[in-house]
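This report walks through one structure for a reader who is new to it. Have the sequence and the 3D view at hand.

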Amino acid sequence: MFNDPDYLRRSQYADTRHLDARARLHRKYGRGDWFPWAAEQVRWIEGARVLEIGCGPGWFWDAAADLLPTRLDLTLTDLSPGMVEAACARAAAAGPDWTVRGRVLDAARLPFPDASFDVVMAFHMLYHVPDPARTIAEMARVLRPGGSVIVTTNGRGHLRELAQIEAVVWPASPHPEVADLFGLENGGDMLAVAFAEVELRRHADDLDCTDPIDVAAYLRSSPPGIDATADEARALAAEIGRVFQDGGGRLRIGKDAGAFVCAGPRRSS
């Protein structure tokens with residue numbers, strides 16, 4: 001389900017509603033510098049041609065605009081037309097001198113010539129594609145010599161406290177751990193097949209939550225919570241309430257996220 005394109009397009013990313021619920025938890029209770037931090041991991045050049053795969057609503061572009069060159073040529077892509085539209089509008093407003101275009105496409109079949117881009121970005125999306133290796137190969141193919149790729153994802157310890165709450169309500173949930181699909185532990189080996197240089201950089205953060213409603217909204221925004229029955233929703237609220245009570249009215253949630261910065265694309269023979 002996490003890497004089923006039809007499900008993702010129809011249920012998760014038709015609009016920003018579910019993504020907003022998840023992002024709110026990080027913005028409200030974490031360091032709040034994720035996008036500026038990510039921007040600082042890339043060597044930007046004036047006028048760079050940039051491809052973002054899985055752009056979502058384009059939050060990166062207004063959050064990091066002050067750290068980016070005055071002139072950029074952006075191609076923002078996603079499987080959701082609604083996300084592409086939102087991202088292009090946000091980027092155009094953030095960078096008045098940026099060239100911004102959007103494309104709805106399959107990340108495993110990029111419709112661009114070889115060596116087309118100076119920077120390729122894929123933020124928290126490779127665990128959503130059916131075949132990460134194929135998408136990674138496409139990213140390497142379209143990267144120019146001397147260019148860089150930044151890929152962000154989570155590790156297996158990410159938001160473990162939320163997974164523990166879910167496990168009480170849905171002990172037999174079949175939903176996979178996204179880090180097993182493409183995470184900090186296994187992503188480097190996948191990327192090294194396509195890039196000569198792969199460096200992992202971790203982002204240190206955690207969440208100190210004070211409102212159970214925000215935690216419930218997060219857990220109700222994706223499987224299994226998004227499909228909760230009335231009884232399951234009540235059980236979820238009760239378990240969240242118990243955890244907050246045990247924590248003296250707070251819930252500290254550990255994060256395990258970071259970025260792979262890659263260079264030196266290996267060309268297929």
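Helix α10 passes helix α11 in a right-handed crossing. Both belong to a predicted model. The first of the pair, α10, spans residues 212-219, and α11 spans residues 230-246. They pack at an angle of about 135 degrees. Their axes are 10 Å apart. That angle makes α10 oblique to α11, because it falls neither over 145 degrees nor within 65 to 115.

Which residues of α10 and α11 meet? On the α10 side they are Pro 212, Val 215, Ala 216 and Leu 219. On the α11 side they are Leu 236, Ile 240 and Phe 244. The residues of this contact between α10 and α11 divide into 7 nonpolar, no polar and no charged.

**The loops on either side of α11**

Pro 224 lies in the loop between α10 and α11. A cis peptide bond joins Pro 223 to Pro 224. Its omega is about 0 degrees. Most peptide bonds are trans.

Gly 249 sits in another loop, between α11 and β8 (251-254). How far apart are Gly 249 and Gly 225 in space? The C-alpha to C-alpha distance is 22 Å, and 24 residues separate them in sequence. Setting aside neighbours within four places in sequence, Gly 249 is in contact with Cys 209, Thr 210 and Phe 244. Phe 244 has already appeared, as one of the α11 residues that meet α10. Cys 209, another partner of Gly 249, counts as buried at 0% relative accessibility. Gly 249 itself is partly exposed, with a relative accessible area of 37%.

**Two residues with positive phi**

Most residues other than glycine have a negative phi. Ala 115 is not a glycine, yet its phi is positive, about 55 degrees. The residue is found in the loop between β3 (99-104) and β4 (117-123). His 124 also has a positive phi, about 45 degrees, without being a glycine. Its loop runs between β4 and α6.

**Cysteines**

How many disulfides are there? The count comes to 0. Cys 55 is in no disulfide. The nearest cysteine sulfur belongs to Cys 88 and is 6.5 Å away. A disulfide needs the two sulfur atoms within 2.5 Å, so this pair does not qualify. Cys 55 is buried, with a relative accessible area of 6%.

**Glu 138 in α6**

Glu 138 has its place in helix α6 (residues 132-142). Is Glu 138 buried or exposed? Its relative accessible area is 14%, so Glu 138 counts as buried. Leaving out neighbours within four places in sequence, its contacts are Ala 107, Ala 108, Arg 109 and Leu 110.

**Accessibility side by side**

The table gathers the values for the residues discussed above.

| Residue | Relative accessible area | Class |
|---|---|---|
| Cys 209 | 0% | buried |
| Cys 55 | 6% | buried |
| Glu 138 | 14% | buried |
| His 124 | 21% | partly exposed |
| Ala 115 | 30% | partly exposed |
| Gly 249 | 37% | partly exposed |

The cut-off for buried is under 20%, so His 124 at 21% counts as partly exposed.

Technical notes. Residues are numbered from 1 along each chain as its sequence is written. This is a predicted model: local features need pLDDT of at least 70, side-chain atom pairs count only at pLDDT 80 or more; totals for chains, interfaces and linings use all residues. Side-chain values use heavy atoms; hydrogens and water are left out. Axes are lines fitted to C-alpha atoms, for helices over the stretch in contact, and angles run from 0 to 180 degrees between N-to-C directions. Helices (H or I, at least four residues) and strands (E, at least two) are DSSP runs, numbered from the N terminus. Angles under 35 degrees count as roughly parallel, over 145 as roughly antiparallel, 65 to 115 as roughly perpendicular and the rest as oblique. A crossing is left-handed if the near helix is turned anticlockwise from the far one by less than a right angle, and right-handed if clockwise. Contact means heavy atoms within 4.5 Å. Ala, Val, Leu, Ile, Met, Phe, Trp, Tyr, Cys and Pro count as nonpolar, Asp, Glu, Lys and Arg as charged, and the others, Gly among them, as polar. Buried means under 20% relative accessible area, exposed over 50%, partly exposed in between (1.4 Å probe, protein chains only).
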